[in-house]
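User: I am new to this structure. Please take one part, look at it closely, and then place it in the rest of the chain.

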Amino acid sequence: MSVTRLLDCTPSMVAGYKKQELLQSIAGCEGRVLACETIGVTPPLLVDVTNAEYAASLSADILLLNMFDVRQPVIQALPKVSAQETVRELKRLTGRIIGINLEPTNAELSRSNDGTLWQMREGRLAMAENARIAADMGVDLIVLTGNPGNGVSNEAIEKALREISQAVGDRVILAAGKMHASGVVGEGGENIMTAEDAKSFIAAGADIILLPAPGTVPGITQEYAHRLIESVHKSGKLAMTAIGTSQEGADVATIRQIALMCKMAGADIHHIGDTGVPGMALPQNILAYSIAIRGERHTYHRMAQSINR
């Protein structure tokens, strides 16, 4: 199977790729793929332009929708379409790979988020039926992870991953892991993601292993991330480092440092989080991250390329 690396793909090429082709296209970029997480339920930074579109304009290759309820989807500023067409409409507007987060939460622990932005809803739970709904909507990537305080353990991720892999594993790319402790005592620092966790997730059907970016969580160093990613690559899978600690709102120099540490650790996909301000990373940090991992040529090429190509 021969595909074009994602760096050089046009939107029409991406739209025509199936799961394995997308994975091969990402792998071919050698650590130069940028995933931007955005929140659709918060007011968009540009008022009448979705945060996802804004991130795409700043060179994001993958748009990861956080807080996305597959049963009652909301992306503020998106043109009015039926619920079933929400993801396809965003694809039409951006030409990007679209992913969503699903969370295998602990109901008791997640109650601490009641009344907050992170409060759980049924359509965000990591369950097979929600995954099938997402796949039918056109979602390319499902990330099993946890938002702050929602009580998502690695054991729960593995269990949900097995169910979801059986349901849609042949249709959708599956990623699994944690960006932070997610409210689970004992899964902080290096215990957030271990080589054994990664091995279990891969056995359960994960195509991509998610881990905190070096410098974002206490104990996650470049060396630690490199050892973990090395084990993932030996299994023939991809790795995505993630900034999930609001450092997407840090200064540009910090973002560049994190980006290069992730690159040296071996990341295939670089994730930048959604709360530099509520909804997405600071725009200048998305741009700085992109330039740090692939230079101005590829960054501006992604920004300039028409979605009609």
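Analyst: What follows is a close look at one helix, then at the cores, the whole chain and a few residues in loops and in another helix.

This is a predicted model. Start with helix α6. It runs over residues 128-137 and is mostly covered. Seven of its ten residues are buried. They are A128, N130, A131, I133, A134, A135 and M137.

What covers these buried residues? Both helices and strands take part. Among the covering elements are the helices α4 (86-94) and α7 (154-168). The strands β3 (97-102) and β4 (141-144) are included too. Just after α6 comes G138. Its phi is positive, near 105°.

Now turn to the nonpolar residues. In soluble globular proteins, nonpolar side chains tend to be buried together. The largest nonpolar core here has 71 residues. Six of them touch the most other members: I100, I142, L144, I272, I286 and Y289.

Take L144 from that group. Setting aside residues up to four places away in sequence, L144 touches L102, A126, I157, A160, L161, I164, A175, A176 and G177. Apart from the largest core lies another one, of 26 residues. Its members include L6, Y17, L23 and M240.

Step back to the whole chain. It has eleven helices and eight strands. The radius of gyration is 17 Å, close to the 19 Å that the globule rule gives for 309 residues, so the chain is as compact as a globular protein of that length. Along its principal axes, the C-alpha trace spans about 45 × 40 × 40 Å.

Burial is common along the chain: 57% of the 309 residues count as buried. Many contacts also reach far along the sequence. Take the contacts between residues at least 6 apart; 76% of them join residues at least 24 apart.

The surface comes next. The chain exposes about 12200 Å². Carbon and sulfur atoms supply 50% of that area. As for charge, there are 28 positive and 33 negative side chains. The centres of the two sets lie 5 Å apart.

Two loop residues have a positive phi without being glycine. A77 is one of them, with phi near 80°. A77 sits in the loop between β2 (62-66) and α4. Its relative accessibility is 31%, so A77 counts as partly exposed. S246 is another, with a phi of about 65°. S246 belongs to the loop between β7 (238-243) and α10 (252-265). With a relative accessible area of 41%, S246 is partly exposed.

S246 leads on to T275, since T275 touches it. T275 also touches I39, W118, E248 and M280, again leaving out residues up to four places away in sequence. T275 lies in the loop between β8 (269-272) and α11 (283-304). Is T275 buried or exposed? The cut-off for buried is under 20% relative accessible area. T275 has 19% relative accessibility, so it counts as buried.

Last comes R256, in helix α10. At 45% relative accessibility, R256 counts as partly exposed. Beyond its neighbours within four places in sequence, R256 is in contact with A288 and A292. R256 and N285 are 29 residues apart along the chain. Their C-alpha atoms are separated by 8.4 Å.

Key: Residues numbered from 1 in each chain as written. Predicted model: local features only at pLDDT ≥ 70, side-chain atom pairs only at ≥ 80, totals over all residues. Heavy atoms only, no water. Core = buried A, V, L, I, M, F, W, Y, C linked by side-chain atoms within 4.5 Å. Buried < 20%, exposed > 50% of the residue type's maximum accessible area, 1.4 Å probe, protein only. Contact = heavy atoms within 4.5 Å. Helix = DSSP H or I, 4+ residues; strand = E, 2+ residues; numbered from the N terminus. Rg over C-alpha atoms; globule rule 2.2 N^0.38 Å. Areas by Shrake-Rupley, 256 points an atom, 1.4 Å probe, with all protein chains shown as cover. Lys, Arg positive; Asp, Glu negative; His and termini not counted. Charge placed at Lys NZ, Arg CZ, Asp CG, Glu CD.
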